[in-house]
Structures are given as C-alpha cells and as structure tokens.
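Hi,

Here is the structure I promised to pass on. Have a look at it first, and then read my notes below.

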Amino acid sequence: MIIGVLQEPAEETRVSLLPEAVAALVKKGHQILIEPGAGARSFAADADYEKAGAKMATANEIAASADVLLSINAPSVLPKPGAVLIGVFQPLFFPEKIAQWAQQGATVFSLDMLPRTTRAQSMDVLSSQANLAGYKAVLLAAQLYPRYFPMFMTAAGSIAPAKVLILGAGVAGLQAIATARRLGAVVEVFDTRPAVKEEVQSLGAKFIEVEGAADASKAGGYAVEQTDDYKQRQQQRISDSIAKADVVITTAQIPGKRAPLLVTDDMLQRMRAGSVIIDLAASSGGNTAATKNGETVSYNGVAIVGNSNLPATAPSDASKLYGKNIQNFLALVTSKDGALNLAWDDDLVKGSCITHDGAIVHERVQSLIQTTA
C-alpha cells in the first residue's frame, strides 16, 4: 500500500509521521511518499525520511498515487478516487468542507470523531495531544505570570505560592494539574463530572463540587449541556474561586457546539491585575467572555491567551505521539498483507468515517448538514 504524507499549512508545526514511524511502516511492506519539507518544523529533515525508506514527491504526485493520504489539517489536494484521507478535520464545525469532499468521492476518516472507548485509546489523537496541551498551558502561564509559582522563603521575605484554577479535568486538565503541582502551585479544579474527583485529589488538587450536574459519563471526556439552575450555581462557585486565582486554565468543550461560557465579564472584573488565563477551547468560541482565538488579550490587566493548538509548540513529541496513533489506526484499516481493508462493522471504523463512496456516512455530520441546509 502507498501512504502519502503532506506538508501542513504554515501555522502548523506538526507532521503526520516522523522518520521513525515511516521506518516501522516500511518494514510492514508499505511504500511511503513524503512531500519535501513536510517534517522540517518538527525537526525531521528530508534526508532522515529517505534514510528511513521514504521517497520524496510533490503534493500532486502523492495525491495521484497514494492509497492513503495523511494530513493533520485539511489538505490542499485530495486523494485519488478510491483512496483514503486521514486527519483531524473537525467535521462538526466545517460541514461545508465535508460536503465538498463527499461530492468529490473522497473516503475521509477524521480521527477527532473516533469513539473514545478503551479499544480506541491507542489511536486517540485527542488524548495524546491534550496531554501536551495541558502541560504547555501551565508552562505558558508560568512564563506570563509576573510572580513566582512555588512558595519562596528568603531573608528578604516570603512569597506565597500561585493559586491555579483549572476548569475541566479531562486529559488536558489532569496534565495541567500535575504540571502546576510540580511547579509548586496550589491548585483547585472544577468539573461537572463527580467521577473525576478522586483523580483530581490523587494529583494533589482540591476538587470544587457543584451538586446536580447532568450525567457526562458517556460524553467521551467532553462537557455536556447543563440546566439553567445548575449553570447559576456553577457560575457562583467558579466566581468565588476565580476571584482568588492567579492563573486560570480552561479546557471545557462540547463536540459540534460552542464551548461553554464559564468565565463571564463579571468574573474577569474580580481578577487582580497580572493574572493569566490560558483558554484551550479558543477555537470553538472559548470558555471566557473575552477570548479571541489565536490572540493574547489584555482585559483590565488580565492576560487571556486563546490557543487551542498548544501541542504544536512541542512539535517533535506531538508528531511522535500523533504518528503512533496513526500507525495504530492504519493497522485497524489494513489487512495482514498490508492492503486497505475497511471493516464497516467495526465501531471504530464506522465511527470515524465521515464520507465514503460519494456520500456523507457519519450520522451526526449528516444531520448537521441537513439542519443547516
């Protein structure tokens, strides 16, 4: 099977496969085509790919010959008829692009739609990248915060540790807790899922409880819509905590919908100058009232960083983890002899496939397009 790897847009530093992943796939009998410069921003040179057994080819040459086309973001070229496109395409937010791909006959797998089950963990790109996002969020906050993170005692006086509030205890939130604690901060955590309380406390953080949350156990680590009564009580508890916080890291997202507004203008007004907010949900609207995606905003002296692509600031390891996810997914959709084998009775294959044979086959994307048509 021929697998093609495309160069990502200028703002993306990651690549679908590093040379080490290429070498593993070549050993399995696959032919790998790499667009020149594809791994440069992940510190993988073209010569490294060639040494691993890949061949260099232009984007158009790759699209014309590859059975599987890999591109994290939406590519500028499409695979040949009957071939497969794999990436992270956010189909619930970009249904027009999906409809276009379906009309052009592409078979598209979007790994952000992969069912988040135990069997899918080795292919879960959202989790592997969220780990890095949580880690980087704390480091970025520590860099921007004009004070010290750990308790500091000197002959000149003592400095109290930073107070960090983390909204959302999914994969990114849990990594943020661990990183903030390692840096010596005092950490409080809010999440609508009571089931994560034990994990939060095991990492040394305080869990903020609000009774009456809607069940989110089947939401795959995402937030779910809550009642108005719950939202009012939630906002009050968050408001009390945010007034004391030096750093806030927000991670809450709902698939296909605007991120829940957790930090209102009134809450921002209560934060002291020099405080920092890192909003990891910026690309879907943000968890604060002042978030702007891809920008750092100053709001009454509070720095609000809207960045949903922090994994790209650690491109080497982010690409390594992503590439391993891709290898495991490729093993799922290929036979033992290396040929493409799409088993539609497999919930992971069916759940992540968005378009096939000229049609949109994912039910949620179908209904979204029908609603907006």
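Asp345 sits in the loop between H10 and helix H11 (347-352). Keep in mind that this is a predicted model. With a relative accessible area of 74%, Asp345 is exposed. Its C-alpha atom is separated by 36 Å from that of Ala314, and the two residues are 31 apart along the chain.

Now the big sheet topic. Eight strands make up an open sheet with mixed pairing, and their order is E3-E2-E1-E4-E5-E6-E16-E17. At the edges stand strand E3 (55-56) and strand E17 (359-360); each has a single partner strand, so one side of each has no neighbour in the sheet. E2 and E3 run parallel and are joined by two bridges. If you want to find that spot in the viewer, look for Ile34, whose bridge partner in E3 is Met56.

At E17, check the loop that leads there from strand E16 (353-356), because that is the place of Asp357. Asp357 has a positive phi, near 55°, although it is a residue other than glycine. Is Asp357 buried or exposed? Its relative accessibility is 69%, so Asp357 counts as exposed.

Gln90 is another residue other than glycine with a positive phi, in this case near 45°. You will find Gln90 in the loop between strand E5 (84-87) and helix H4 (95-103). Gln90 counts as partly exposed, since its relative accessibility is 30%. As background for both, most residues other than glycine have a negative phi.

Next, helix H1 (residues 19-27). Which of its residues are buried? They are Pro19, Ala21, Val22 and Leu25. Looking down the axis of H1, these buried residues fall within an arc of 155°, so they line one face of the helix. What do they pack against? The buried residues of H1 pack against two strands, E1 (2-5) and E2 (31-34), and against two helices, H2 (46-51) and H10 (315-332). After H1 comes Gly29, which has a positive phi near 100°.

Then there is strand E15 (residues 302-306), which is mostly covered: four of its five residues are buried. E15 has pairings with two strands that I looked at:

- Strand E13 (residues 276-279) runs parallel to E15, and four bridges join them. Here Asp279 stands opposite Gly306 in E15.
- Strand E14 (residues 296-299) runs antiparallel to E15, again with four bridges between them. Here Thr296 stands opposite Val305 in E15.

E14 and E15 form a hairpin with two residues between the strands, and in that hairpin Asn300 takes a positive phi near 50°.

Last, the surface. Tyr148, Phe152 and Ile159 form a nonpolar patch there, and together they have about 250 Å² of accessible area. Of these, Phe152 belongs to strand E7 (residues 152-154). Phe152 is partly exposed, at a relative accessible area of 35%. Why can Phe152 be in the patch while being partly exposed? Patch residues need over 30% relative accessible area, and Phe152 has 35%, so Phe152 passes that cut-off.

Write back if you have questions about any of this.

Best wishes

Definitions and conventions: Residues numbered from 1 in each chain as written. Predicted model: local features only at pLDDT ≥ 70, side-chain atom pairs only at ≥ 80, totals over all residues. Heavy atoms only, no water. Patch = residues over 30% accessible without salt bridge, like charges linked within 9 Å, V, L, I, M, F, W, Y side chains within 5 Å. Areas by Shrake-Rupley, 256 points an atom, 1.4 Å probe, with all protein chains shown as cover. Salt bridge = Lys/Arg side-chain N within 4 Å of Asp/Glu carboxyl O. Buried < 20%, exposed > 50% of the residue type's maximum accessible area, 1.4 Å probe, protein only. Arc of directions from axis to C-beta. Contact = heavy atoms within 4.5 Å. Pairing = 2+ DSSP bridges.
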